[in-house]
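Student: Please take me through one place where two helices meet, slowly and closely. I am new to this structure.

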Amino acid sequence: MVTLKSKTAKVIFAVIACSLVNSLWGNAWHVYVWLKIQGGTILSSFVRDLVMAIAVLLGTYIVIQPKEVCSFIGLNSNFFKGFLVAVLSVLPLYIVFPIIGSINPDLTLSLIIRKSLFPGFIEEFLCRAFMFGLFFRYAKVGFIWATLLPAVLFGLAHTYQGYDLVSSLAAFGVTFIGALYFSWMYAAWDFNLWVVFGLHFLMNAAWVIFNVTGTEVAAGGLISNIVRIISMALAIGITIYYHKKKGEKVFDYPIWSF
């Protein structure tokens, strides 16, 4: 473990670590190719995400004491509580989508795992627990600044889903806003990784399970985005209600300080 005392040094480490891991994220597929594993399978997705998980853990171990790593990432948080929050929050998607759309005829368990379960976990593990965590919890910069780089990287990672400049920018915008939302929920629920994993996984799954106009890409369509906004508002409402019920501040963290 390396001990960095100044805030500047911690921020510099966070920038370098996030940049390196993000670069690896774009090249992790080389591992399963080298292992001669067929792409587009559960095994290839698992190997790629395993590489990223190991990289995140190693990066975290550099500056966080080993016994505190699970707590820092949020792995030891209450899984059932976190997933319950997620399930309640995404109910609008699973109520409205079957009404306005239909079941994806190409739906398989493998598709749900590769397109929803694995991405839901590794993206939150990487972008929220590691990237956002390094800036917000380790370097202790304000929420907006801590969210900025992970949100940009998260948005850029989804621009491939666009078929032209406008649709690519739309995919970036939607996922950028999603990163802000997930980061807020992660911090508001005391860095419970299972809250944001559940939200991300179940939201992705709705996009995979149902055929609704716009759900073929991350940007979504008008109706699907309206329902998504309702789901996000419900999640925020549940969060506010829970904390107010316990007599706690909803979000007692610095916002703009650097």
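Tutor: Happy to! H6 and H9 pass each other in a right-handed crossing, meaning that the near helix is turned clockwise from the far one by less than a right angle. Helices here are DSSP runs of H or I, at least four residues long, numbered from the N terminus. This is a predicted model, where local features need pLDDT of at least 70, side-chain atom pairs count only at pLDDT 80 or more, and totals for chains, interfaces and linings use all residues. Residues are numbered from 1 along each chain as its sequence is written, and side-chain values use heavy atoms, without hydrogens and water.

H6 covers residues 109-138 and H9 residues 193-209; their axes cross at roughly 145 degrees and come within 8 Å. Axes are lines fitted to C-alpha atoms over the stretch in contact, with angles from 0 to 180 degrees between N-to-C directions.

Now look at the contact itself (heavy atoms within 4.5 Å). From H6, the participants include Leu-111, Ile-112, Phe-121 and Phe-125. Facing them, H9 brings residues including Trp-194, Phe-197, His-200 and Phe-201. The residues of this contact comprise 15 nonpolar, 4 polar and 3 charged.

Note on methods:
Helices (H or I, at least four residues) and strands (E, at least two) are DSSP runs, numbered from the N terminus. Ala, Val, Leu, Ile, Met, Phe, Trp, Tyr, Cys and Pro count as nonpolar, Asp, Glu, Lys and Arg as charged, and the others, Gly among them, as polar.
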